[in-house]
Amino acid sequence: DQDLAASGRLVAVRGSRVFGQVVSVEKGDKLKGQPSLGVKLTDLELAGQVTVSPAALEAHYPGGAGAR
């Protein structure tokens, strides 16, 4: 568990509730390379209130041994 950051900016502190959807999944293999997971953050709960993100944040995470 750790804080959620994107492009070097803090988005939510550890323990915050975030809501989103998976937008892409790449199964990586010898031809395609490393696996990856793309997620789109749609809502964020801060101080007990759900805030709808006006411009949803999208990020893609490379997979691999031990990646989170």
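The points below comment on a predicted model of a single protein chain.

1. Confidence. The protein chain has an average pLDDT of 75, and 72% of its residues reach a score of at least 70. Confidence is not uniform among the elements, since strand β3 (residues 17–26) has the highest mean pLDDT, at 85, and strand β5 (residues 49–62) has the lowest, at 63. Remarks on local features in this note should be read with that spread in mind, from 63 for β5 to 85 for β3.

2. Secondary structure. The protein chain contains five strands and zero helices, and in sequence order its elements accordingly read β-β-β-β-β.

3. The hairpin at the start of the pattern. Strand β1, covering residues 4–6, pairs with strand β2, covering residues 9–12, in the antiparallel sense, and three bridges connect the two. One of the residues involved is L4, whose bridge partner in β2 is A12. Two residues separate β1 from β2 in this hairpin, and S7, which sits in the turn, adopts a positive phi of about 50 degrees.

4. Burial and exposed area. Of the 68 residues in the protein chain, 9% are buried. The chain exposes about 5500 Å², and 53% of that area is supplied by carbon and sulfur atoms.

5. A nonpolar surface patch. V22, V25 and L37 together form a nonpolar patch on the surface, with a combined accessible area of about 270 Å². Of these residues, L37 belongs to strand β4, which spans residues 36–46. L37 counts as partly exposed because its relative accessibility is 36%, a value that falls between the 20% limit for buried residues and the 50% limit for exposed ones.

6. E45 and its distance to F19. E45 is likewise placed in strand β4. Its relative accessibility is 21%, and E45 is therefore classed as partly exposed; the class of buried residues is reserved for values under 20%. Although E45 and F19 are 26 residues apart along the chain, their C-alpha atoms are separated by 8.3 Å.

7. Contacts across the sequence. Taking the contacts in the protein chain with a separation of 6 or more, 35% are between residues 24 or more positions apart. This proportion describes the chain as a whole, whereas the separation of 8.3 Å given above concerns the C-alpha atoms of E45 and F19.

How values were computed
Residues are numbered from 1 along each chain as its sequence is written. This is a predicted model: local features need pLDDT of at least 70, side-chain atom pairs count only at pLDDT 80 or more; totals for chains, interfaces and linings use all residues. Side-chain values use heavy atoms; hydrogens and water are left out. Helices (H or I, at least four residues) and strands (E, at least two) are DSSP runs, numbered from the N terminus. Buried means under 20% relative accessible area, exposed over 50%, partly exposed in between (1.4 Å probe, protein chains only). Contact means heavy atoms within 4.5 Å. Accessible areas come from the Shrake-Rupley method with a 1.4 Å probe; for residues, only the protein chains shown count as cover. Patches are made of residues with over 30% relative accessible area and no salt bridge: like charges are joined within 9 Å, nonpolar side chains (Val, Leu, Ile, Met, Phe, Trp, Tyr) within 5 Å. A salt bridge is a side-chain nitrogen of Lys or Arg within 4 Å of a carboxyl oxygen of Asp or Glu. Two strands pair if DSSP finds at least two bridges between them. pLDDT is the predictor's confidence in each residue, from 0 to 100.
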